[in-house]
Amino acid sequence: MNQPFTSRRWLLPALFTSAWLQLAAAATPTLGPLYADPAHADLSGLWLVSGGFYFAPDRSVPKLLGEYKTTYARRTEAFNKGIAIDDLTADCLPAGMPHLLTVPYPFELMQTPGRVTFLYEYDSVVRRVPTDGSAVKPDPDKATYHGNSWGHWEGDTLVVETVNVRPDTQLDFTGIPHSDALHITERWHRKDAKTLENTITLTDPTAFAEPFTTTRTYQLKPKWKIAEYVCEENNRNARDEQGHTSGGAPARK
Amino acid sequence: MKHLKRFALLALVPLLAQAHHSFAIYDSAHQMTIEGTVKEFQWTNPHVWIHVMVKNDQGTEEEWNVECTSVNFLERRGWSKHTFKAGDKVSITLSPLRDGSKGGSFRTVNRINGAVPKFEAED
């Protein structure tokens with residue numbers, strides 16, 4: 001007759017095995033999200049933008065008003081002649097927001113209770129987005145390259161708001177301008193296991209006739225690591241006396 | 001299962017050099033190929049640079065500055081600080097500077113010392 005599994009003969013070894021398995025489970029990190037916040041959808045991971053260098057993949061541009069329309073026309077005219085003007089990034093200054101959302105470098109999205117953190121390879125920028133109910137009052141006197149962000153969750157979607165962005169940054173490398181009244185809304189959700197989708201809406205009553213919306217996607221890069229990126233190491237594109245981006249003639253000393 | 005490695009032939013993968021500044025300075029619609037000898041390879045950010053000595057129609061050597069993307073970008077495509085060295089005979093396709101200076105935005109490397117280079121891309 002077979003011994004039942006729960007007989008005393010099996011009890012002690014079974015208890016030992018169970019304790020050992022628990023220890024082993026504790027000692028071996030579980031594969032999965034590195035920085036997930038269990039209370040919310042998992043958006044964490046290392047992501048790379050798809051869809052090219054233009055702010056909107058279809059190359060559409062916000063309907064610009066007045067002096068902003070003139071500024072963009074001036075930049076476009078120079079661009080078409082092979083001259084880049086007003087380009088802060090040529091001097092290794094930050095791309096700023098929302099340009100940062102489309103630079104062709106990966107970022108790590110880290111979720112912790114009450115906060116989402118974006119760790120960018122490009123210029124080693126960090127965006128800290130509190131999701132604890134705090135918000136930021138618009139104040140042009142406090143404008144910075146990346147502005148101030150805060151967020152909240154709507155179901156599986158992370159909504160990030162950003163204000164207080166410096167007006168000398170551009171939406172992309174073609175030089176689309178904005179004012180210090182810019183308000184950026186990002187709506188992030190996981191489209192599938194390997195894709196994040198971000199629907200970006202820009203509202204800027206001073207520079208844009210109407211809100212502008214575009215959608216960007218980001219591909220998961222599970223094998224990649226964020227690497228160092230120091231723009232000042234050997235920048236040969238700094239703006240010349242006319243404010244034009246240099247073609248890199250002077251070699252590194 | 002054997003891990004499949006993806007080999008990217010750089011000649012088939014057009015790369016935009018521009019990554020930290022406006023790309024207006026290059027004539028992206030056109031490409032040209034230069035052949036010459038590497039004088040210097042700068043494996044640096046924000047851009048990697050290849051200096052190539054190229055003989056002009058008069059037989060005089062001229063220095064061309066080829067601007068590539070970043071260390072970060074190229075390392076993931078299998079490049080390293082040893083991809084080029086001074087003295088290498090190279091054939092490189094670029095989009096030229098629009099102001100006519102001897103330089104351009106890197107597109108592809110066709111040959112290094114007579115061989116078609118292979119680079120292992122990172123997934």
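**Notes on a predicted two-chain model**

1. Let us start with chain B. Among its contacts between residues at least 6 apart in sequence, 62% join residues at least 24 apart. Chain B has 123 residues, and buried residues make up 40% of them. Please keep in mind as you read on that this is a predicted model.

2. Next, the elements of chain B. The chain holds 1 helix and 7 strands, and along the sequence they follow the pattern β-β-β-β-α-β-β-β. A closed barrel of 5 strands is found here, in the order 2-3-4-6-5 and with mixed pairing. From one strand to the next, the twist averages 55°.

3. Some of the pairings in chain B are worth tracing on screen. Strand 2 (residues 32–42) of chain B is a good place to begin: 5 bridges join this strand to strand 3 (residues 49–55) of chain B, and the two run antiparallel. Within strand 3 of chain B, the residue opposite Phe41(B) is Ile50(B). Strand 2 of chain B also pairs with strand 5 (residues 89–96) of chain B, in the antiparallel sense, over 6 bridges. There you can find Thr37(B) opposite Lys89(B).

4. Following strand 5 of chain B onward leads to a hairpin. Strand 5 and strand 6 (residues 103–112) of chain B run antiparallel and are joined by 7 bridges. Pro96(B) stands opposite Gly104(B) of strand 6 of chain B. Between the two strands of this hairpin there are 6 residues, and in the turn Gly100(B) has a positive phi of about 85°.

5. Now to chain A, and a word on confidence. The average pLDDT of chain A is 87, with 84% of the residues scoring at least 70. Residues 1–15 of chain A are a stretch to read with care: the pLDDT there is below 50, and the stretch has 2 contacts in the model beyond near neighbours in sequence.

6. Chain A has 253 residues, of which 36% count as buried. Its elements are 2 helices and 9 strands, running α-β-α-β-β-β-β-β-β-β-β from the N terminus on. Of the contacts in chain A between residues at least 6 apart in sequence, 57% join residues at least 24 apart.

7. How are the 9 strands of chain A ordered in their sheet? The sheet is open, its order is 4-3-2-1-9-8-7-6-5, and the pairing is antiparallel. Strand 4 (126–130) and strand 5 (148–154) of chain A stand at the edges; each has a single partner strand, so one side of each is left without a neighbour in the sheet. On average, neighbouring strands of this sheet are turned by 25° against each other, direction ignored. As one example of the pairing, strand 1 and strand 2 of chain A are antiparallel over 3 bridges, and Gly45(A) has Leu109(A) of strand 2 as its bridge partner.

8. Is Val129(A) buried or exposed? This residue lies in strand 4 of chain A, which is one of the strands at the edges of the sheet. Val129(A) is nonetheless buried, because 22 other C-beta atoms lie within 10 Å and 20 are enough to count as buried. Leaving aside neighbours within four places in sequence, its contacts are Arg115(A), Val116(A), Ser149(A), Trp150(A), Gly151(A) and Val160(A). The C-alpha atoms of Val129(A) and Glu161(A) are separated by 8.8 Å, although the two residues are 32 residues apart along the chain.

9. On to the nonpolar cores. In soluble globular proteins, nonpolar side chains tend to be buried together. The largest nonpolar core in this model has 41 residues, and Trp47(A), Leu100(A), Leu109(A), Tyr120(A), Tyr122(A) and Leu202(A) have the most contacts inside it. Elements of chain A that each supply at least two residues of this core include strand 1 (45–49), helix 2 (66–80), strand 2 (107–112) and strand 9 (212–220). Beyond its neighbours within four places in sequence, Leu100(A) is in contact with Ala95(A), Tyr120(A), Tyr122(A), Val125(A) and His146(A). A second, separate core has 20 residues, including Trp64(B), Trp79(B), Ile92(B) and Val109(B).

10. Finally, where the chains meet: how many residues does each chain bring to the contact? Chain A brings 29 residues and chain B brings 26 residues. On the side of chain A that touches chain B there are 15 nonpolar, 8 polar and 6 charged residues.

Methods: Residues are numbered from 1 along each chain as its sequence is written. Chains are lettered from A and ligands numbered from 1 in the order in which they are written. This is a predicted model: local features need pLDDT of at least 70, side-chain atom pairs count only at pLDDT 80 or more; totals for chains, interfaces and linings use all residues. pLDDT is the predictor's confidence in each residue, from 0 to 100. Two residues are in contact if their C-beta atoms, placed from the backbone, lie within 7 Å. Ala, Val, Leu, Ile, Met, Phe, Trp, Tyr, Cys and Pro count as nonpolar, Asp, Glu, Lys and Arg as charged, and the others, Gly among them, as polar. A nonpolar core is a set of buried Ala, Val, Leu, Ile, Met, Phe, Trp, Tyr and Cys residues joined through C-beta atoms within 7 Å. A residue is buried if 20 or more other C-beta atoms lie within 10 Å of its own, exposed if 12 or fewer, and partly exposed in between; C-beta atoms are placed from the backbone. Helices (H or I, at least four residues) and strands (E, at least two) are DSSP runs, numbered from the N terminus. Two strands pair if DSSP finds at least two bridges between them. Axes are lines fitted to C-alpha atoms, for helices over the stretch in contact, and angles run from 0 to 180 degrees between N-to-C directions.
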